[in-house]
Amino acid sequence: MNIIVNRASLVAALALLAAVVRKFSPKPILACVKLSAQDRTLQISGTDLEQTLIVQVHEVQVEADGDVLINLDELLTTLKSSQEHVVYLRCVSNQDEPQLRVADDNAEFFLPTFPMAEYPPLPLSLKPVTSEGFCATSEQLVKAINHVA
């Protein structure tokens, strides 16, 4: 996977997933999100085995398709430390350990990835939720979710 993405859009999408994906879990793999890049879209999935949330980010330039499993909190913290508008995410292998390279014009970080085989299967019947009478910004939605949680 190799993508260029709007940092603010990615942070907003990850913040939504934080309502489902817990920082501390008896299974460390459940603290991760699955990033899937394909066809100018980044799909981010998270689950706690009771709830599943899938968010799509469309402000993405996909250089190479792929999937990666990454700790949500580590990725979110790294992205929030940047002030740049655009970030670069690329799967790399350093000393035979797969990592996600997160970079902007001023810095780069290497985050450990997790084996895809360990991630629980997500429900196949999930359909996008659409509505003609409701519109909210991602910030409003995050605020509403945090208010309920």
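**Exercise 1. The sheet**

Determine the order of the strands in the open sheet of this predicted model, and state which strands stand at its edges.

*Solution.*
Step 1. The open sheet is formed by nine strands, arranged as β4-β3-β2-β6-β9-β8-β7-β1-β5, with antiparallel pairing.
Step 2. The edge positions belong to β4 (52-57) and β5 (60-64); each has a single partner strand, so one side of each is left without a neighbour in the sheet.
Step 3. On average, and with direction ignored, neighbouring strands are turned by 30 degrees against each other.
Step 4. Within this order, β2 and β3 (residues 41-47) run antiparallel and are joined by five bridges. Gln38 stands opposite Thr41 in β3.
Step 5. Helix α2 packs on the sheet, where it touches β2, β6, β7, β8 and β9. The direction of α2 makes about 90 degrees with that of β6.

**Exercise 2. The buried face of helix α2**

Identify the buried residues of α2 and explain why they line one face of the helix.

*Solution.*
Step 1. Helix α2 spans residues 72-80, and its buried residues are Leu72, Leu75, Leu76, Thr78 and Leu79.
Step 2. Viewed down the axis of α2, these buried residues fall within an arc of 165 degrees, so they line one face of the helix.
Step 3. The elements covering them include α1 (7-17), β2 (32-38), β6 (66-71), β7 (86-94), β8 (97-103) and β9 (108-114).
Step 4. Thr78 serves as an example: its relative accessibility is 11%, and because the limit for a buried residue is under 20%, Thr78 counts as buried. Among residues beyond four places away in sequence, Thr78 touches Val102, Phe109 and Leu111.
Step 5. The N-terminal end of α2 is capped by Asn71, a side-chain oxygen of which lies 3.0 Å from the backbone nitrogen of Asp73.

**Exercise 3. Ser36 in its strand**

Describe the surroundings of Ser36, and state which side chain makes a polar contact with that of Ser36.

*Solution.*
Step 1. Ser36 is located in strand β2, and at 15% relative accessibility it counts as buried.
Step 2. Leaving aside residues up to four places away in sequence, Ser36 touches Thr41, Leu42, Gln43, Gly66 and Asp67.
Step 3. Of these, Asp67 offers its side chain for a polar contact with the side chain of Ser36, at 2.8 Å.
Step 4. The C-alpha atoms of Ser36 and Gln56 are separated by 9.4 Å, although these residues are 20 places apart along the chain.

**Exercise 4. Cysteines**

Decide how many disulfides the model contains, and explain why Cys91 is not bonded to Cys32.

*Solution.*
Step 1. A disulfide requires two cysteine sulfur atoms within 2.5 Å.
Step 2. The cysteine sulfur closest to that of Cys91 is in Cys32, 13 Å away, which is too far for a bond.
Step 3. The count of disulfides is therefore zero.
Step 4. The accessibility of each cysteine may be added. Cys32 is buried, with a relative accessible area of 0%, whereas Cys91, at 29%, counts as partly exposed.

**Exercise 5. Positive phi values**

State where Asp39 and Leu49 are found and what value phi takes in each.

*Solution.*
Step 1. Most residues other than glycine have a negative phi.
Step 2. Asp39 is in the loop between β2 and β3, and its phi is positive, near 50 degrees. With a relative accessible area of 59%, Asp39 is exposed.
Step 3. Leu49 is in the loop between β3 and β4; its phi is also positive, near 75 degrees.

Notes:
Residues numbered from 1 in each chain as written. Predicted model: local features only at pLDDT ≥ 70, side-chain atom pairs only at ≥ 80, totals over all residues. Heavy atoms only, no water. Buried < 20%, exposed > 50% of the residue type's maximum accessible area, 1.4 Å probe, protein only. Helix = DSSP H or I, 4+ residues; strand = E, 2+ residues; numbered from the N terminus. Arc of directions from axis to C-beta. Contact = heavy atoms within 4.5 Å. Polar contact = N/O pair within 3.5 Å; in protein donor to acceptor, adjacent residues only side chain to side chain. Pairing = 2+ DSSP bridges. Axes fitted to C-alpha atoms, helices over the stretch in contact; angles between N-to-C directions.
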